[in-house]
Amino acid sequence: MLADLRYAARTLRRSPGFTFTAIGAIALGIGASTAIFSVVNKVLLEPLPYPEPNRLVQLMTASQLGDQSAVSIPKYVVWRDLTSAFQYIAAYELGGPGVNLTEGKTPASLEAAHVSADYFPLFGAQVELGRTFSAKEDRPGGPKVTVISHALWRKRFGGDTTILGRTIPLEHEPYRVIGVLAPGFTMDPPADIWLPLQADPSTADHVSRVRVAARLKPGVTLEEARSEVEATMPLFIRRYRWAPILGLEHFTAIPLRDALVATYGRRYSCWWALSLLCS
(Lines give C-alpha, C1' and ligand atoms only; values in the text may rest on other atoms or scores of the structure.)
Protein backbone atom coordinates (compact mmCIF):
# COMPACT_ATOMS: atom_id res chain seq x y z
CA MET A 1 0.00 0.00 0.00
CA LEU A 2 2.86 2.38 0.81
CA ALA A 3 4.43 1.66 -2.55
CA ASP A 4 1.13 2.44 -4.29
CA LEU A 5 0.83 5.72 -2.38
CA ARG A 6 4.38 6.74 -3.34
CA TYR A 7 3.69 5.87 -6.97
CA ALA A 8 0.43 7.91 -6.93
CA ALA A 9 2.23 10.89 -5.37
CA ARG A 10 4.98 10.81 -8.04
CA THR A 11 2.36 10.57 -10.79
CA LEU A 12 0.41 13.52 -9.43
CA ARG A 13 3.59 15.63 -9.13
CA ARG A 14 4.42 14.96 -12.78
CA SER A 15 0.93 16.12 -13.90
CA PRO A 16 -0.01 19.18 -11.80
CA GLY A 17 -2.76 20.24 -14.20
CA PHE A 18 -4.50 16.88 -13.97
CA THR A 19 -3.95 16.85 -10.20
CA PHE A 20 -5.64 20.22 -9.63
CA THR A 21 -8.49 19.28 -11.98
CA ALA A 22 -9.10 15.99 -10.15
CA ILE A 23 -8.95 17.64 -6.72
CA GLY A 24 -11.34 20.38 -7.87
CA ALA A 25 -13.80 17.83 -9.29
CA ILE A 26 -13.72 15.83 -6.06
CA ALA A 27 -14.22 18.97 -3.96
CA LEU A 28 -17.16 20.08 -6.08
CA GLY A 29 -18.69 16.62 -5.89
CA ILE A 30 -18.36 16.52 -2.11
CA GLY A 31 -19.78 20.04 -1.77
CA ALA A 32 -22.72 19.30 -4.06
CA SER A 33 -23.47 16.02 -2.30
CA THR A 34 -23.33 17.72 1.09
CA ALA A 35 -25.69 20.48 -0.08
CA ILE A 36 -28.15 17.96 -1.50
CA PHE A 37 -28.10 15.88 1.68
CA SER A 38 -28.65 19.00 3.81
CA VAL A 39 -31.72 19.91 1.75
CA VAL A 40 -33.11 16.37 1.78
CA ASN A 41 -32.55 16.08 5.53
CA LYS A 42 -34.15 19.46 6.25
CA VAL A 43 -37.17 19.17 3.96
CA LEU A 44 -37.91 15.47 3.59
CA LEU A 45 -36.61 13.79 6.74
CA GLU A 46 -37.02 16.32 9.54
CA PRO A 47 -40.49 17.63 10.43
CA LEU A 48 -41.13 21.31 9.74
CA PRO A 49 -40.02 23.34 12.78
CA TYR A 50 -43.53 24.60 13.55
CA PRO A 51 -46.33 23.37 15.83
CA GLU A 52 -48.63 20.78 14.19
CA PRO A 53 -46.96 21.16 10.77
CA ASN A 54 -49.50 18.82 9.13
CA ARG A 55 -52.09 21.61 9.43
CA LEU A 56 -49.98 24.08 7.46
CA VAL A 57 -50.83 24.67 3.79
CA GLN A 58 -49.77 27.04 1.07
CA LEU A 59 -52.37 28.77 -1.08
CA MET A 60 -51.38 29.23 -4.69
CA THR A 61 -52.53 29.23 -8.30
CA ALA A 62 -52.16 26.45 -10.85
CA SER A 63 -52.45 26.68 -14.62
CA GLN A 64 -51.22 25.18 -17.88
CA LEU A 65 -47.99 27.10 -17.37
CA GLY A 66 -47.33 25.52 -13.98
CA ASP A 67 -47.95 26.28 -10.32
CA GLN A 68 -47.37 29.78 -8.98
CA SER A 69 -46.54 29.92 -5.29
CA ALA A 70 -46.07 33.70 -5.38
CA VAL A 71 -49.39 35.50 -5.87
CA SER A 72 -50.77 39.02 -5.94
CA ILE A 73 -52.13 40.94 -2.98
CA PRO A 74 -55.74 40.85 -4.35
CA LYS A 75 -55.68 37.04 -4.35
CA TYR A 76 -54.51 37.02 -0.75
CA VAL A 77 -57.26 39.48 0.19
CA VAL A 78 -59.95 37.29 -1.45
CA TRP A 79 -58.70 34.16 0.30
CA ARG A 80 -58.47 35.96 3.63
CA ASP A 81 -61.92 37.50 3.42
CA LEU A 82 -63.94 34.76 1.72
CA THR A 83 -62.73 31.51 3.31
CA SER A 84 -63.57 30.00 6.68
CA ALA A 85 -61.51 26.80 6.70
CA PHE A 86 -58.43 28.42 8.21
CA GLN A 87 -57.54 29.34 11.75
CA TYR A 88 -54.91 31.77 10.45
CA ILE A 89 -54.00 32.98 6.98
CA ALA A 90 -50.97 35.14 6.32
CA ALA A 91 -49.15 36.79 3.45
CA TYR A 92 -45.44 37.33 3.62
CA GLU A 93 -42.77 38.81 1.41
CA LEU A 94 -39.37 37.16 1.85
CA GLY A 95 -36.01 37.48 0.20
CA GLY A 96 -36.59 41.02 -1.02
CA PRO A 97 -34.25 43.95 -0.59
CA GLY A 98 -32.95 44.33 2.95
CA VAL A 99 -33.11 47.42 5.09
CA ASN A 100 -30.31 49.50 6.57
CA LEU A 101 -30.21 50.15 10.28
CA THR A 102 -28.78 53.66 10.25
CA GLU A 103 -28.23 53.96 13.97
CA GLY A 104 -24.86 54.81 15.51
CA LYS A 105 -21.48 54.99 13.83
CA THR A 106 -21.71 51.57 12.18
CA PRO A 107 -24.85 51.15 10.04
CA ALA A 108 -25.91 47.55 9.46
CA SER A 109 -27.61 45.89 6.49
CA LEU A 110 -30.42 43.67 7.77
CA GLU A 111 -32.45 40.90 6.15
CA ALA A 112 -36.07 42.06 6.38
CA ALA A 113 -39.41 40.30 5.94
CA HIS A 114 -42.74 42.04 5.41
CA VAL A 115 -45.48 39.91 6.95
CA SER A 116 -49.17 40.22 7.80
CA ALA A 117 -50.40 40.10 11.39
CA ASP A 118 -51.35 36.39 11.30
CA TYR A 119 -47.86 35.32 10.29
CA PHE A 120 -46.46 34.84 13.80
CA PRO A 121 -49.35 32.88 15.34
CA LEU A 122 -49.66 30.83 12.14
CA PHE A 123 -46.07 29.58 12.48
CA GLY A 124 -46.18 29.42 16.27
CA ALA A 125 -43.53 32.11 16.84
CA GLN A 126 -42.99 32.94 20.52
CA VAL A 127 -41.73 36.25 21.87
CA GLU A 128 -38.95 36.85 24.36
CA LEU A 129 -40.11 40.41 24.96
CA GLY A 130 -43.18 42.38 23.98
CA ARG A 131 -45.58 41.19 21.28
CA THR A 132 -46.08 40.80 17.55
CA PHE A 133 -48.18 42.88 15.15
CA SER A 134 -51.84 43.58 15.77
CA ALA A 135 -54.46 43.70 12.99
CA LYS A 136 -54.64 47.48 13.45
CA GLU A 137 -50.91 47.85 12.86
CA ASP A 138 -51.16 45.73 9.71
CA ARG A 139 -53.60 48.08 7.99
CA PRO A 140 -52.56 50.46 5.17
CA GLY A 141 -51.13 53.61 6.68
CA GLY A 142 -50.62 51.87 10.00
CA PRO A 143 -47.88 52.81 12.45
CA LYS A 144 -44.23 52.08 11.73
CA VAL A 145 -43.47 49.24 14.11
CA THR A 146 -41.07 46.32 13.99
CA VAL A 147 -40.29 42.96 15.56
CA ILE A 148 -36.65 41.91 15.74
CA SER A 149 -34.96 38.51 15.94
CA HIS A 150 -33.40 37.23 19.13
CA ALA A 151 -29.99 37.08 17.42
CA LEU A 152 -30.19 40.73 16.34
CA TRP A 153 -31.31 41.77 19.80
CA ARG A 154 -28.29 40.07 21.35
CA LYS A 155 -25.73 41.06 18.74
CA ARG A 156 -26.72 44.65 17.97
CA PHE A 157 -28.47 45.75 21.15
CA GLY A 158 -26.62 43.65 23.72
CA GLY A 159 -29.81 42.02 25.01
CA ASP A 160 -31.01 45.35 26.41
CA THR A 161 -34.50 44.79 27.87
CA THR A 162 -35.32 48.48 27.44
CA ILE A 163 -35.43 47.95 23.66
CA LEU A 164 -39.24 47.75 23.80
CA GLY A 165 -40.78 51.05 22.81
CA ARG A 166 -37.47 52.32 21.53
CA THR A 167 -37.38 53.94 18.10
CA ILE A 168 -34.73 52.76 15.66
CA PRO A 169 -34.00 54.27 12.22
CA LEU A 170 -34.54 51.96 9.25
CA GLU A 171 -33.63 53.62 5.96
CA HIS A 172 -33.67 56.86 7.99
CA GLU A 173 -37.33 56.28 8.93
CA PRO A 174 -38.26 55.85 12.63
CA TYR A 175 -39.69 52.44 13.60
CA ARG A 176 -40.80 51.52 17.10
CA VAL A 177 -39.66 48.14 18.41
CA ILE A 178 -42.67 46.29 19.85
CA GLY A 179 -41.27 42.77 20.19
CA VAL A 180 -38.25 40.47 20.30
CA LEU A 181 -38.77 36.90 19.10
CA ALA A 182 -37.68 34.01 21.31
CA PRO A 183 -34.66 32.01 20.13
CA GLY A 184 -35.30 29.05 17.89
CA PHE A 185 -37.74 30.53 15.38
CA THR A 186 -36.53 29.79 11.86
CA MET A 187 -37.64 30.75 8.39
CA ASP A 188 -36.19 30.47 4.90
CA PRO A 189 -34.55 32.72 3.98
CA PRO A 190 -33.67 33.85 7.53
CA ALA A 191 -34.62 37.35 8.66
CA ASP A 192 -33.21 39.80 11.18
CA ILE A 193 -36.23 42.03 11.37
CA TRP A 194 -39.95 41.90 10.53
CA LEU A 195 -42.12 44.76 9.29
CA PRO A 196 -45.93 44.80 8.87
CA LEU A 197 -47.06 44.06 5.32
CA GLN A 198 -49.95 46.57 5.53
CA ALA A 199 -51.57 45.21 2.37
CA ASP A 200 -54.21 47.46 0.83
CA PRO A 201 -57.46 45.47 0.37
CA SER A 202 -58.63 47.90 -2.30
CA THR A 203 -55.50 47.64 -4.43
CA ALA A 204 -55.65 46.60 -8.08
CA ASP A 205 -51.94 45.79 -8.10
CA HIS A 206 -51.61 42.36 -9.69
CA VAL A 207 -47.84 42.59 -10.12
CA SER A 208 -46.49 42.60 -6.57
CA ARG A 209 -45.99 39.09 -5.27
CA VAL A 210 -46.33 37.51 -1.84
CA ARG A 211 -46.55 33.97 -0.53
CA VAL A 212 -49.69 32.95 1.32
CA ALA A 213 -49.74 30.26 4.00
CA ALA A 214 -52.60 29.15 6.22
CA ARG A 215 -53.26 26.91 9.20
CA LEU A 216 -56.26 24.59 8.94
CA LYS A 217 -58.86 24.82 11.65
CA PRO A 218 -59.01 21.70 13.86
CA GLY A 219 -61.08 19.04 12.13
CA VAL A 220 -60.90 20.63 8.65
CA THR A 221 -59.33 18.41 6.00
CA LEU A 222 -57.06 19.52 3.19
CA GLU A 223 -59.67 18.49 0.63
CA GLU A 224 -62.34 20.66 2.30
CA ALA A 225 -60.00 23.64 2.44
CA ARG A 226 -58.93 23.15 -1.17
CA SER A 227 -62.54 23.09 -2.35
CA GLU A 228 -63.25 26.29 -0.48
CA VAL A 229 -60.21 28.03 -1.97
CA GLU A 230 -61.12 26.88 -5.48
CA ALA A 231 -64.64 28.24 -5.01
CA THR A 232 -63.28 31.78 -4.57
CA MET A 233 -62.07 31.93 -8.17
CA PRO A 234 -65.38 33.21 -9.68
CA LEU A 235 -65.65 35.74 -6.85
CA PHE A 236 -62.13 36.95 -7.57
CA ILE A 237 -62.89 37.39 -11.27
CA ARG A 238 -66.09 39.26 -10.45
CA ARG A 239 -64.30 41.60 -8.02
CA TYR A 240 -61.24 42.19 -10.24
CA ARG A 241 -62.60 42.12 -13.77
CA TRP A 242 -59.34 43.37 -15.32
CA ALA A 243 -57.05 40.98 -13.47
CA PRO A 244 -54.72 38.98 -15.75
CA ILE A 245 -55.79 35.33 -15.71
CA LEU A 246 -53.62 32.58 -17.17
CA GLY A 247 -55.05 29.79 -19.31
CA LEU A 248 -57.16 27.42 -17.17
CA GLU A 249 -55.84 29.06 -14.02
CA HIS A 250 -57.42 27.96 -10.76
CA PHE A 251 -56.82 28.44 -7.06
CA THR A 252 -55.64 25.59 -4.88
CA ALA A 253 -54.05 24.64 -1.56
CA ILE A 254 -51.24 22.15 -0.99
CA PRO A 255 -49.35 21.02 2.12
CA LEU A 256 -46.67 23.52 3.03
CA ARG A 257 -44.05 20.75 3.03
CA ASP A 258 -44.87 19.95 -0.62
CA ALA A 259 -44.46 23.62 -1.52
CA LEU A 260 -41.07 23.74 0.22
CA VAL A 261 -39.93 20.58 -1.55
CA ALA A 262 -40.78 22.16 -4.91
CA THR A 263 -39.00 25.39 -3.97
CA TYR A 264 -35.87 23.58 -2.81
CA GLY A 265 -35.95 21.38 -5.88
CA ARG A 266 -35.83 24.39 -8.21
CA ARG A 267 -33.20 26.11 -6.09
CA TYR A 268 -30.83 23.15 -5.90
CA SER A 269 -31.39 21.54 -9.29
CA CYS A 270 -28.05 22.90 -10.51
CA TRP A 271 -26.31 21.40 -7.48
CA TRP A 272 -27.98 18.06 -8.19
CA ALA A 273 -26.74 18.13 -11.78
CA LEU A 274 -23.27 19.08 -10.63
CA SER A 275 -23.26 16.26 -8.11
CA LEU A 276 -24.14 13.76 -10.86
CA LEU A 277 -21.42 15.12 -13.16
CA CYS A 278 -18.77 14.95 -10.47
CA SER A 279 -19.76 11.54 -9.11
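Biologist: What is the relative accessible area of Lys-144?
Modeller: The scale has three classes: buried is under 20% relative accessible area, exposed is over 50%, and partly exposed lies in between (1.4 Å probe, protein chains only). Lys-144 falls in the partly exposed class, because its relative accessible area is 39%.

Biologist: What kind of model is this, and how are residues and side chains treated?
Modeller: Residues are numbered from 1 along each chain as its sequence is written, and side-chain values use heavy atoms, without hydrogens and water. Local features need pLDDT of at least 70 and side-chain atom pairs count only at pLDDT 80 or more, while totals for chains, interfaces and linings use all residues, since this is a predicted model.

Biologist: Which residue forms a salt bridge with Lys-144?
Modeller: A salt bridge puts a side-chain nitrogen of Lys or Arg within 4 Å of a carboxyl oxygen of Asp or Glu. For Lys-144, the closest N and O atoms are 2.7 Å apart, and the partner is Glu-173.

Biologist: How many residues apart in sequence are the parts that this pair ties together?
Modeller: Elements here are DSSP runs numbered from the N terminus: helices (H or I) of at least four residues, strands (E) of at least two. Lys-144 sits in the loop between strand E8 (127–130) and strand E9 (145–148), and Glu-173 in strand E11 (residues 173–181), so the distance along the sequence is 29 residues.

Biologist: Is Glu-137 buried or exposed?
Modeller: Glu-137 forms a salt bridge with Arg-131, with the closest N and O atoms 2.7 Å apart. Arg-131 counts as partly exposed at 37% relative accessibility. Glu-137 is at 6% relative accessibility, so its class is buried.

Biologist: Which residue shares a salt bridge with Arg-55?
Modeller: Arg-55 is buried, because its relative accessible area is 12%. Its partner has a positive phi of about 40 degrees although it is not a glycine, and is placed in the loop between helix H2 (16–45) and E1. The side chains meet at 2.8 Å, N to O, and the partner is Glu-52.

Biologist: How many salt bridges does the whole structure hold?
Modeller: Among them are Arg-55 with Glu-52 and Glu-137 with Arg-131. A search of the whole structure gives a total of five.

Biologist: Which helix supplies the largest share of the largest nonpolar core?
Modeller: A nonpolar core is a set of buried Ala, Val, Leu, Ile, Met, Phe, Trp, Tyr and Cys residues joined through side-chain atoms within 4.5 Å. The largest one has 27 residues, and Val-57, Leu-59, Trp-79, Phe-86, Val-210 and Val-212 have the most contacts inside it. Elements giving at least two residues each include strand E1 (56–63), helix H3 (73–82) and strand E4 (86–93). The largest share is five residues, and it comes from H3.

Biologist: How many residues of H3 are buried?
Modeller: The buried ones are Ile-73, Pro-74, Lys-75, Tyr-76, Val-77, Val-78 and Trp-79. H3 is mostly covered, and of its ten residues the buried number is seven.

Biologist: Which H3 residues, Tyr-76 and Trp-79 or others, does Val-212 touch?
Modeller: Contact means heavy atoms within 4.5 Å. Neighbours within four places in sequence are left aside, and the contacts then include Val-57, Leu-59 and Ile-89. From H3, the list includes Tyr-76 and Trp-79.

Biologist: How many residues make up the second, separate core?
Modeller: Its members include Ala-117, Phe-123, Phe-133 and Met-187. The size of this core is 24 residues.

Biologist: In which sense do strand E7 and E12 pair?
Modeller: Two strands pair if DSSP finds at least two bridges between them. E9 and E12 are joined by two bridges and run antiparallel. Strand E7 (residues 112–115) has four bridges to E12, and the sense is parallel.

Biologist: Which E12 residue is the bridge partner of Ala-112?
Modeller: In strand E12 (residues 193–196), Trp-194 and Pro-196 point one way and Ile-193 and Leu-195 the other, and all are buried. Ile-148 stands opposite Ile-193. The bridge partner of Ala-112 is Ile-193.
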